[in-house]
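Work through the exercises below with the sequence and the model at hand. Each task sentence is followed by a solution in steps.

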Amino acid sequence: MVNRVVIAAPASGHGKTTVATGLLAAFRRRGMVTAPFKVGPDYIDPGYHALAAGRPGRNLDPVLVGEELIGPLFAHGAQGADIAIVEGVMGLYDGRTGAGETGSTAQVAELLQAPVILVVDAAAQGRSVAALVHGFRSFGTVRLAGVILNRVGSDRHEQILRDACEEVGTPVLGALRRSDAVAAPSRHLGLVPAAERRAEALASVDALAALIAHSVDLDAVAAVARSAPPLAATAWTPRSQDPVPGRPLVALAGGPAFSFSYAETAELLAGAGAEVVTVDPLRDEKLPGGTRALVVGGGFPEVYAAELSANEPLRASVAALAQSGGPIAAECAGLLWLCSSLDGKPMCGVIDAEAAMTPSLTLGYRDAVALADSPLAAAGTRVTGHEFHRTTVHPRSGVLLSPAAGAAWAWRGADPEGFAGPGLHASYLHLHWAGHPAMAARLVRAAAG
């Protein structure tokens, strides 16, 4: 039994992250153990959640892992917690394009049998907020337990909004005024990750905790969370039934340039028998001693291209691992780092391709099939992943390390993408390995030799 509540909104930009992060921090200040979750594939919001909660922020994405794993992954991440806060994605009923509620906040709320609190940006609204709230409450089957008003302009404005919500029988649990102290800077893919501005992010989280404690009825929110019924779910486990012996060392890229990694990735690698050690490509000049494999997730290497290029010893170390046949798995930012160059600056040179920034955003879920055997997947493996980048790689795919190597993935409506072979899998496609645990086991077996 975990007390839980979902923080949703009519659309993006209403303040879900502000409220969810602030609630996590405010409840923690009260001495409660808080468990943070984010609906969808986003990596950035969970970074702020983790700072607020003092434990990993985790994702709940039915598209990437399947709806049957939402309850177990929630139970795994909420173990030992007094309250779980689940931040939604986009608008409450927005899911995968063309798939109805699939992947939406509403679907996850229903799978978790969790009540929903709607965050509404009321900056330009008056009594009409009642029609909006009533519409969201009556449209679907989720239980809308209350509203938190954001960007309220004055006491009079707040009273108008509260009176309107009372007309439609929906309690107002809080009202937030605008505050520059809690604002987080943004750039081309959203908020700047917490890993890149840790001191400032911690200050923002502290300010959020104070703002929420002052502006939101925390006792009422806790009561809403306690109203969630028992959840019939067995906690997911990353432990393999047949772990690889010998504990081969797998280096996992991290730090400000490579902060996009689901918490379950490291857990699955360890559960498959690996010793997992984090390497920061902005700081470390070589891979950890005895490294047998390398996993590089997403992030913003384009922001740190000069620093990554200047770290010639580490670039040489990565190239040497690839030349020795040590398995490497890379996603998005990892793909860029393995290329010959990024925006004209030399990178690791594992892949004979050039990467560059582009003004165009590539975004969306992809149903993909593996085209070549690699340390991550056998040819023919089917997955659902997610793309999110403003860069290009030329060529888009190609033969690299041996005659058996080729493109990593194919999906409908696009040319084959990525680079795969006996010792390499590098692609733009982000995967949640909890939905494909065999990938971690396959990589660790390859590392063990």
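Helices (H or I, at least four residues) and strands (E, at least two) are DSSP runs, numbered from the N terminus. This is a predicted model, in which local features need pLDDT of at least 70 and side-chain atom pairs count only at pLDDT 80 or more, while totals for chains, interfaces and linings use all residues. Residues are numbered from 1 along each chain as its sequence is written, and side-chain values use heavy atoms, with hydrogens and water left out.

**Exercise 1. Describe the largest cavity: its volume, its lining and the elements that supply the lining.**

Step 1. On a 1 Å grid over the protein atoms alone, a cavity is a set of points where a 1.4 Å probe fits but cannot get out; a pocket is an open set with protein on both sides within 12 Å along at least five of seven lines; lining residues have an atom within 4 Å of a point. Grid points are joined across faces, edges and corners, and a volume is the space filled by probe spheres set on the points.

Step 2. Counting cavities of 30 Å³ or more gives 4. The largest cavity holds about 100 Å³.

Step 3. Its lining has 14 residues, and those nearest the centre are Thr-265, Val-295, Gly-297, Glu-331 and Trp-433. At least two lining residues come from each of β12 (291-296) and β13 (328-331), and β13 has the largest share, 3 residues.

Step 4. Sort the lining by class, with Ala, Val, Leu, Ile, Met, Phe, Trp, Tyr, Cys and Pro as nonpolar, Asp, Glu, Lys and Arg as charged, and the others, Gly among them, as polar. The lining of the largest cavity then has 10 nonpolar, 3 polar and 1 charged residues.

**Exercise 2. Do the same for the second largest cavity, and examine the backbone of Cys-332, one of the residues closest to its centre.**

Step 1. The volume of the second largest cavity is about 50 Å³. It is lined by 11 residues, with Gly-299, Glu-302, Cys-332, Leu-336 and His-389 closest to the centre.

Step 2. α13 (333-338) and β17 (382-394) each give at least two residues to this lining; β17 gives the most, 4 residues. The classes are 6 nonpolar, 3 polar and 2 charged.

Step 3. Cys-332 sits in the loop between β13 and α13. Its phi is positive, about 50°, although it is not a glycine. With a relative accessible area of 6%, Cys-332 is buried (buried means under 20% relative accessible area, exposed over 50%, partly exposed in between; 1.4 Å probe, protein chains only).

**Exercise 3. Describe the second largest pocket.**

Step 1. The second largest pocket contains about 720 Å³ of space. Of its 26 lining residues, Gly-47, Ala-50, Ala-195, Ser-259 and Ser-261 lie nearest the centre.

Step 2. α2 (44-53), β10 (249-253) and α10 (263-271) each supply at least two residues of this lining. The largest share, 5 residues, is from α2. By class there are 15 nonpolar, 8 polar and 3 charged residues.

**Exercise 4. Which partners does Lys-38 have in salt bridges?**

Step 1. A salt bridge is a side-chain nitrogen of Lys or Arg within 4 Å of a carboxyl oxygen of Asp or Glu. The whole structure has 13.

Step 2. Lys-38 pairs with Asp-45, at 3.1 Å between the closest N and O atoms. Both of these residues are buried.

Step 3. Lys-38 also pairs with Glu-87, at 3.1 Å from N to O. Because Lys-38 is in strand β2 (residues 34-39) and Glu-87 in strand β4 (residues 83-87), the pair ties together parts 49 residues apart in sequence. The relative accessibility of Lys-38 is 4%, and that of Glu-87 is 1%, so Glu-87 counts as buried.

**Exercise 5. Place the salt bridge between Arg-177 and Glu-158 in its network.**

Step 1. The N to O distance is 3.0 Å. Arg-177 belongs to strand β7 (residues 172-177) and Glu-158 to helix α7 (residues 155-167), so the bridge ties together parts 19 residues apart in sequence.

Step 2. Arg-177 is partly exposed at 29% relative accessibility, whereas Glu-158 is buried at 17%.

Step 3. Shared partners join Asp-155, Glu-158, Arg-162 and Arg-177 into one network of salt bridges.
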